[in-house]
Number of protein chains: 2
Amino acid sequence: MAITIRDVAKEAGVSAATVSRVLNNSGYAHEDTRKAVLDAIHKLNYKPNEVARSLFKQKSKLIGLILPDITNPFFPALARGVEDQLREEGYRLIIGNSDEHLEQEIDYLDTFIQHNVVGIIASVNEAHSDMLKNLNIPVVLLDRTIESLPAVYADQFEGGKLAARKIVELGCKEITIIRGPVEVKPVYERFVSSFQTLRQAGVKINVFDSKLSFQGASNSVKTLFDKYPNTNGILACNDIVAVAVMNEAQRTGRRIPEDVQIIGFDDISICEIVYPGLSTIRQPAYEMGAKAAEIIIKKVKQEVLPNIHCKLPVQFVERESTRKVGD
Amino acid sequence: MAITIRDVAKEAGVSAATVSRVLNNSGYAHEDTRKAVLDAIHKLNYKPNEVARSLFKQKSKLIGLILPDITNPFFPALARGVEDQLREEGYRLIIGNSDEHLEQEIDYLDTFIQHNVVGIIASVNEAHSDMLKNLNIPVVLLDRTIESLPAVYADQFEGGKLAARKIVELGCKEITIIRGPVEVKPVYERFVSSFQTLRQAGVKINVFDSKLSFQGASNSVKTLFDKYPNTNGILACNDIVAVAVMNEAQRTGRRIPEDVQIIGFDDISICEIVYPGLSTIRQPAYEMGAKAAEIIIKKVKQEVLPNIHCKLPVQFVERESTRKVGD
DNA sequence: GTGAAAGCGCTAACAT
DNA sequence: ATGTTAGCGCTTTCAC
């Protein structure tokens with residue numbers, strides 16, 4: 001059917017082993033044979049069968065990626081970072097959405113292993129991470145992390161603090177923190193950090209709960225201003241929720257930022273195109289993905305690193321949903 | 001290292017061939033041996049090596065998916081549809097973003113083949129589709145399609161017409177169509193259809209160009225109202241552009257929908273959370289992905305279908321960026 | 001009904 | 001410097 005290494009061997013008048021050697025730059029090969037082989041490869045447009053390679057070597061060029069839900073714009077940004085970095089090194093990505101279901105995570109993990117993936121990058125909740133520890137291939141956690149495994153993530157405490165500080169500096173007196181699901185660690189951390197910071201600042205604090213998804217956020221947020229009509233500063237757990245809040249604010253006749261200031265979290269692309277532009281805490285999602293890919297590649301290449309925890313910096317991105325009172 | 005079929009065979013006191021038979025429900029197996037084998041499998045937690053299977057059978061359980069850019073929210077919706085449908089049947093997804101670069105598409109295609117994928121789902125521009133025709137595995141085009149290959153897509157002409165009709169019905173007299181890149185076929189088609197429909201309606205038509213991406217749309221759109229200050233109805237080539245336009249409209253002091261009405265295209269999640277909510281032409285992205293997956297599976301199973309072109313319906317989703325004048 | 005043997009395409013000893 | 005051989009884990013004839 002397809003062209004095999006034997007076809008190339010025949011064409012070049014050598015053995016399959018020789019072709020393999022020039023292909024992999026392993027062992028000796030006379031310059032002339034080398035040329036002949038390369039010519040044959042070119043002529044037949046031969047592409048080695050990765051499956052056969054994988055079977056023999058017990059390792060593929062595949063990396064498994066498990067994400068909660070690619071439909072949430074933060075994750076595609078991570079995924080692109082991973083993919084672009086991986087491609088450079090000849091690796092490919094098998095991707096799986098878990099929808100936060102343990103069962104699906106396990107399912108994907110199993111099939112990743114069955115496909116001889118050489119490494120796994122995953123974003124899972126703490127409670128789900130057990131099976132990741134017993135894998136005998138490298139694992140790097142991304143965004144959602146746990147202590148005992150290598151990880152790449154953004155500085156949630158700093159982010160939470162930054163957001164809180166800003167909203168206080170901006171002059172808000174009654175601040176509502178919108179807390180996402182507490183099972184999602186980074187989201188919980190930013191909440192805690194914001195809360196503590198606000199506490200110290202001595203402002204009035206409200207806590208309001210919301211889902212993270214589009215649908216969920218939109219619903220959750222509807223009662224926000226009924227419950228806290230006088231809130232003039234809002235810290236949202238992510239940008240989606242923040243945009244939903246902006247919507248609700250405007251719907252109830254509030255001006256942004258004059259009446260309510262809003263700060264999001266993540267800096268997904270939407271922030272820049274909504275009106276008014278959404279001020280937010282930027283997580284370098286793409287870079288996080290790329291970093292995770294870089295680490296996994298190093299591990300695959302046996303460069304044994306310590307249990308590395310790579311914390312990337314966040315930053316406040318100022319747009320129009322915030323403005324210093326009096327400016 | 002990992003548990004192989006031989007381990008199971010030993011455990012069950014049978015040969016590997018027998019294990020294989022019960023595993024695949026092929027050939028005979030005495031009920032008792034069957035049970036013994038199943039027990040052994042369970043006891044050892046054996047999972048067959050898909051790579052070995054793939055090598056022997058010359059076909060894997062992998063499907064390749066090529067998308068322009070997963071960072072554009074329309075595509076994750078497609079991808080989820082594909083993935084969810086595929087998972088049900090035990091298939092897994094290798095995913096690649098092409099960024100519309102022919103080179104990257106070819107690159108991914110090559111490595112898909114090298115990994116023995118059994119089918120490919122792709123969203124590529126017409127000019128890039130040549131190499132897809134010469135593959136000897138099933139291909140289904142998704143969203144961006146060409147005549148000569150099986151395809152799943154939404155009815156762009158109907159969508160374009162619908163949008164145009166609506167904006168006229170709504171009472172707009174000077175309508176601006178924002179045209180995306182003409183190389184992107186569905187985008188071009190909806191433009192043509194809108195344009196024709198508007199033509200027949202005898203309203204004043206402006207045509208304005210924009211990129212499709214967040215960044216691109218945001219920039220492109222900045223001069224829109226300088227150029228057409230009196231436009232009171234806008235047909236955007238996609239929702240991202242539409243939101244960027246809403247931004248620009250509000251920035252220039254226009255009220256939506258009182259001063260300008262805006263209709264987007266796609267119905268991505270953002271539409272629902274922005275303020276005001278964006279009226280749009282809905283493409284059933286998730287269903288499109290699922291349908292493409294369904295077709296590719298059928299083809300993989302040799303159910304030879306004709307060169308199927310599956311056109312899914314679009315619909316107008318009314319939100320707050322449009323309102324009948326006088327209402 | 002079950003086992004032995006061959007082979008998918010490749011690579012890594014081991015010979016030569 | 002190159003070829004021969006064996007084997008990665010699986011499935012499928014083909015004997016029995």
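**Two protein chains around DNA strand D**

Q: What rotation and shift superpose chain A on chain B?
A: In this predicted model, the copies were superposed by least squares on the C-alpha atoms of residues with pLDDT of at least 70 in both. Chain A falls on chain B with an RMSD of 0.1 Å, and the operation that achieves this is a rotation of 180° with 0.0 Å of shift along its axis.

Q: Why is a single axis enough to describe this pair, and what kind of axis is it?
A: Two copies of a chain are related by a rotation about an axis and a shift along it. Here the rotation is 180° and the shift 0.0 Å, and therefore the relation is that of a two-fold axis.

Q: Which C-alpha of chain A is nearest the axis?
A: The same surface serves both copies, since 98% of the contact residues of chain A recur in chain B, where contact means heavy atoms within 4.5 Å. The C-alpha of chain A nearest the axis lies 2.3 Å from it and belongs to Ile94(A).

Q: Which element gives the largest share of the surface near DNA strand D?
A: A residue is near the strand if one of its heavy atoms lies within 4 Å of it, and 26 residues surround DNA strand D, the closest including Arg21(A) and Tyr46(B). Helices are DSSP runs (H or I, at least four residues), numbered from the N terminus. The largest share, 4 residues, comes from α4(B).

Q: Which residue places a polar side-chain atom 2.5 Å from a base oxygen of DNA strand D?
A: Polar contacts are pairs of N or O atoms within 3.5 Å. Ser20(B) has a polar side-chain atom 3.1 Å from a phosphate oxygen, whereas Phe56(A) brings a backbone N or O atom to 3.4 Å from a base oxygen. The side chain that lies 2.5 Å from a base oxygen is that of Arg21(A).

Q: How many residues of strand β1 of chain A are buried?
A: Buried means under 20% relative accessible area (1.4 Å probe, protein chains only), and strands are DSSP runs (E, at least two residues). Leu62(A), Gly64(A) and Ile66(A) cover one side and Ile63(A), Leu65(A) and Leu67(A) the other, all of them buried. For β1(A), residues 62-67, the count is 6 of 6.

Q: Which residue of β2(A) is the bridge partner of Leu67(A)?
A: Strands β1(A) and β2(A) run parallel and are joined by 6 bridges, and two strands pair if DSSP finds at least two bridges between them. The partner of Leu67(A) is Asn97(A).

Residues are numbered from 1 along each chain as its sequence is written, and chains are lettered from A and ligands numbered from 1 in the order in which they are written. Local features need pLDDT of at least 70 and side-chain atom pairs pLDDT 80 or more, while totals for chains, interfaces and linings use all residues, and side-chain values use heavy atoms, without hydrogens and water.

Key. Polar contact = N/O pair within 3.5 Å; in protein donor to acceptor, adjacent residues only side chain to side chain. Buried < 20%, exposed > 50% of the residue type's maximum accessible area, 1.4 Å probe, protein only.
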